[in-house]
Amino acid sequence: MDHEFFNTLTNNLVEGDPDATVANTRQALEAGIEPMRIIKEGLVPGMNIVGEKFSSGEFFLPDLIIAADCMQKAMELLEPELRARRQEVESAGIVVIGTVKGDIHEIGKSLVATMLSANGFKVHDLGVDVPTATFISRVQEVGAQMLGMSALLTTTMTVQEEVIQALKEAGLRDRLKVMVGGAPVTQAWADQIGADGFAEDAIGAVQLARKLMSS
Amino acid sequence: MNPPLSEETLLAMHQSSLRVLCETGFMIDDKEATQLLCAHGAWVKRGRLCLPPQLIENCLQDCPKEVVLQGRAEKITLGDGGLYVHNMGGARDVYELTGGRLRPATCRDVAESTLLMDALENVSSITPLYTPRDVPPALMAPAMFDQVVRHTTKPINGPGVSTPEEVKVLSEMARVVFGDHPAVSLGASPVSPLNFLGPIPQVIMEIARQGLPFGPLPCPNVGATAPMSLAGAIVLQNAELLVCLVLAHLVHPGLPIIYCGRLSVLNMRNGAPLWGNPEVGMMAAATVRLGHHYRLPVNVYGLAGSGFAPDMQSGYERAINAFLPALAGADELSGIGEMAGGVYSCNVQILIDNDIIGAIRRVLRGFPVDDEALAVEAIEQAMESRRDFMRSPHTRKYLRNNEVWAGRLGLQESGWESWSRAGARTILDRAHYEAQRLLEQHQVPSLPDEQIKALDEIMKSTWKQVEPG
């Protein structure tokens with residue numbers, strides 16, 4: 001019986017149906033199934049299949065993103081239940097991410113935020129045109145282990161350097177890893193400003209994040 | 001073009017854009033622009049501003065059909081039926097042919113590439129090719145304009161601008177050289193989809209107040225910031241263009257506006273832009289048709305590739321993407337020098353692109369089909385004499401009239417043997433040596449001393465305003 005719920009949820013993720021995922025998650029909870037089992041036996045297998053299909057070339061970024069949306073909506077129902085049982089899903093890391101001050105481009109940054117979240121990171125997305133002071137205060141507030149910054153313009157990428165400087169002045173630089181991205185950003189730039197890493201796309205960002213967290 | 005863009009199809013796209021602006025609206029938080037648009041019938045719905053179709057139709061009616069760009073010595077009129085071509089703008093790096101490395105671009109690279117393009121017959125107007133990384137961000141746009149205006153007498157497309165302050169500084173610099181009514185175009189981009197938050201409305205309004213020709217540059221990506229259907233992406237781009245057009249027009253009725261398309265597709269495996277895909281050319285051709293439906297001059301890409309080196313991939317991709325809109329009647333093509341979706345550039349790419357455009361221009365020129373061209377008599381004469389056409393006056397006449405195109409780089413050795421003996425030069429080699437030759441020999445008259453001094457003063461005062469401490 002439980003097994004049928006889990007199969008359904010796995011299929012909901014693979015087929016990319018957020019509404020069905022939410023409805024079936026709710027039903028599974030009402031049927032008395034433990035939230036941790038719903039995650040581990042229903043949702044995570046679905047994400048894994050989506051990941052495999054992406055690796056094999058059958059699925060694309062939109063499939064990953066829709067599956068991530070399914071997962072996130074299901075977790076909104078499940079997290080209160082986990083907290084009530086004093087349980088939590090181990091997070092891969094706490095990340096603060098945003099586009100720097102003076103820059104309102106968001107699609108790349110949002111893709112990275114979604115992919116990190118889908119891969120188990122707890123992501124605080126500050127949006128676009130983020131004041132440097134806001135990056136610093138949020139990093140402190142949530143105990144971030146990683147900061148990700150995006151800039152699309154050659155004229156705004158210099159703000160990434162300013163934020164790293166501000167982290168140093170606040171005595172926070174050694175407490176977290178910094179990764180940067182965006183069209184004008186290069187490895188050379190990341191090295192120059194003292195960032196810990198740079199990724200050219202959202203998939204690369206997840207790989208980098210995992211590597212930085214384990215170092 | 002398959003499916004053909006009939007008048008009905010164009011009308012359907014136009015009506016769809018009107019519906020998007022009337023039913024969905026766009027995001028904007030600039031008070032002055034919002035008030036102006038509302039005074040002309042716009043309204044807020046679900047936090048977005050909506051435009052009445054009639055406002056858009058009225059603004060379209062009043063837009064000039066031609067846009068003049070005037071340089072120090074040359075002028076072009078977009079919309080006169082000719083094809084004009086310019087280069088991509090704001091590349092981050094220079095691609096070094098030896099070693100295949102990238103290095104950050106400098107003011108000197110802006111200057112040198114401008115001088116090179118001034119020498120090339122198929123470059124009609126010049127945009128600052130690089131964003132110089134050896135100046136602070138606040139000085140990048142002024143430095144770009146400064147280096148371009150010193151090194152060309154062709155018309156100039158100013159750099160893309162992001163703040164009204166940049167517009168003011170560039171206008172002031174343009175007036176130093178061109179007088180009170182400079183015909184230097186400026187471009188500005190909203191964020192797709194339909195995001196006009198932040199300074200972009202003020203940028204548009206300032207360009208309009210300054211009276212400069214305006215080229216709005218929406219850059220939606222199919223499937224990410226625009227619908228995955230190409231038709232839907234064109235509808236979205238058009239909606240964004242219409243917002244720019246209406247706002248500019250309300251501030252300055254009759255402002256010269258160039259309808260600019262910058263649609264691209266993404267690699268859906270990793271989200272990277274794919275400027276070399278044929279959809280870029282297809283959507284550009286459709287954009288030409290739609291802009292012409294509005295009787296506006298149209299500027300699209302153009303020479304665009306995804307490859308990371310100036311190689312065969314880049315060659316065939318950009319030729320396809322330039323040909324499609326050219327055949328559709330584009331007034332202006334961009335992309336000379338573009339590499340890897342606009343991230344970097346090099347002199348060799350500029351030279352090769354000059355030849356690609358030369359070939360395209362040759363195609364657009366067509367060939368005459370009159371009695372003389374049909375050559376019945378010339379054939380008779382040839383058969384009556386030595387049975388070849390080499391000696392024929394008919395041949396000499398058509399040769400002198402450029403019936404067969406001779407590109408700058410295309411003339412080469414007769415066969416493998418002579419080619420090998422001459423050094424086995426590829427097109428990259430020929431482009432490299434030709435670029436060097438032109439840079440050594442080509443000269444552009446200097447600006448008068450008082451203009452150079454005035455430009456330097458503007459740059460100094462701009463720096464003083466933003467200098468830290």
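## Report on chains A and B

At 1.5 Å a residue, helix α9 of chain A (residues 202–213) should span 16 Å with its 12 residues, and its end C-alpha atoms are indeed 16 Å apart, so the two values agree. The expected span is 1.5 Å times one less than the number of residues in the helix. Helices (H or I, at least four residues) and strands (E, at least two) are DSSP runs, numbered from the N terminus.

The model is predicted: local features need pLDDT of at least 70 and side-chain atom pairs count only at pLDDT 80 or more, while totals for chains, interfaces and linings use all residues. Residues are numbered from 1 along each chain as its sequence is written, and chains are lettered from A and ligands numbered from 1 in the order in which they are written.

Within α9(A), the buried residues are A:Ala202, A:Ala205, A:Val206, A:Leu208 and A:Ala209. Because they cover an arc of only 165° around the axis, they lie on the same side of α9(A); the arc is that of the directions from the helix axis to the C-beta atoms. An α-helix has 3.6 residues a turn, so residues three or four places apart point the same way. A residue is buried if 20 or more other C-beta atoms lie within 10 Å of its own, exposed if 12 or fewer, and partly exposed in between, with C-beta atoms placed from the backbone. The cover over the buried residues of α9(A) includes β1 (93–99), α5 (107–118), β2 (121–125), β3 (146–150), β4 (177–181) and β5 (197–198) of chain A.

Chain A as a whole holds nine helices and five strands. Its radius of gyration is 18 Å, close to the 17 Å that the globule rule gives for 215 residues, so chain A is as compact as a globular protein of that length. The radius is taken over C-alpha atoms, and the rule is 2.2 Å times the number of residues to the power 0.38. Of the 215 residues of chain A, 45% count as buried.

Both chains have two assigned domains, whose bounds come from an automatic or database domain assignment.

| Chain | Domain 1 | Domain 2 | Distance between centres (C-alpha atoms) |
|---|---|---|---|
| A | residues 2–84 | residues 93–213 | 28 Å |
| B | residues 57–365 | residues 371–400 | 45 Å |

In chain A, the contact between the domains takes seven residues from domain 1 and four residues from domain 2. Two residues are in contact if their C-beta atoms, placed from the backbone, lie within 7 Å. Helix α4 (residues 61–84) gives the most to the side of domain 1 of chain A that touches domain 2, with six residues. That side has six nonpolar, one polar and no charged residues. Here Ala, Val, Leu, Ile, Met, Phe, Trp, Tyr, Cys and Pro count as nonpolar, Asp, Glu, Lys and Arg as charged, and the others, Gly among them, as polar.

Between the chains, 19 residues of chain B are in contact with 18 residues of chain A. The residues on the chain B side divide into eight nonpolar, nine polar and two charged.

In chain B, the end C-alpha atoms of helix α8 (residues 230–251) are 32 Å apart, which agrees with the 32 Å that its 22 residues should span at 1.5 Å a residue. Since 17 of these 22 residues are buried, α8(B) is largely enclosed by the rest of the structure. B:Ile200 is found in helix α7 (residues 200–210) of chain B, and it counts as buried because it has 26 C-beta neighbours inside 10 Å. Leaving aside neighbours within four places in sequence, B:Ile200 is in contact with B:Ala188 and B:Pro190.
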